[in-house]
Amino acid sequence: FTVWFGVAIWGATQVQTDFEFIWFLEGTDGWEGVQIRDEYFPNIGSRIDFFSFEVDYPSSTIQTDILTMEEDIKNCKDCDDKWINPNTLTSWYDTFAKWVDDGNCDGVS
């Protein structure tokens, strides 16, 4: 038992993870799209989307949290490598905040 346990522990330390969602697309229209993307834009990587539900957007604390999260993602905070290509993060909230700051929200209720 002890020998097998030791082998299992050693084996667990040798496991490597390498996952790509596109493995599940082969044979679909999505697969063709990925192939075209990789051919013409080889350094673009994969798209990642963040969704939030039931958020109290008018709360100033939530607004600050959203902006902080965006900055953390842009700067790849706590990442081992750079996971986000520079200047590729887009956010509806940035556009909305600028729209409000420009005074377009006055009189809207």
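Which residues does Val 34 touch, not counting residues up to four places away in sequence? Val 34 touches Ile 22 and Leu 25, where contact means heavy atoms within 4.5 Å.

A word on the model before going on. This is a predicted model, in which local features need pLDDT of at least 70 and side-chain atom pairs count only at pLDDT 80 or more, while totals for chains, interfaces and linings use all residues. Residues are numbered from 1 along each chain as its sequence is written, and side-chain values use heavy atoms, with hydrogens and water left out.

**Around Val 34**

Val 34 sits in helix α2, which covers residues 29-40. Its relative accessibility is 7%, so Val 34 counts as buried (buried is under 20% relative accessible area, exposed is over 50%, and partly exposed lies in between, with a 1.4 Å probe and protein chains only). Gly 45 is eleven residues from Val 34 along the chain, and their C-alpha atoms are separated by 10.0 Å.

**The whole chain**

The protein chain has four helices and zero strands, and its pattern along the sequence reads α-α-α-α. Here helices (H or I, at least four residues) and strands (E, at least two) are DSSP runs, numbered from the N terminus. The radius of gyration is 22 Å, well over the 13 Å that the globule rule gives for 109 residues, so the chain is more spread out than a compact globule. That radius is taken over C-alpha atoms, and the rule is 2.2 Å times the number of residues to the power 0.38. Along the principal axes, the C-alpha atoms fill a box of roughly 75 × 40 × 25 Å. Of the 109 residues, 8% count as buried.

**Salt bridges**

How many salt bridges does a search of the whole structure find? The search finds three, each being a side-chain nitrogen of Lys or Arg within 4 Å of a carboxyl oxygen of Asp or Glu. Here they are, with their N to O distances.

| Positive partner | Negative partner | N to O distance |
|---|---|---|
| Arg 37 | Asp 38 | 2.9 Å |
| Lys 74 | Glu 71 | 3.7 Å |
| Lys 98 | Asp 102 | 2.9 Å |

Asp 38 is partly exposed, with a relative accessible area of 33%. Glu 71 and Lys 74 are three residues apart in helix α3 (residues 60-74), so about one helical turn separates them. Glu 71 is partly exposed at 37%, and Lys 74 is partly exposed at 35%. In the remaining pair, Lys 98 is exposed at 53%, whereas Asp 102 is partly exposed at 49%.
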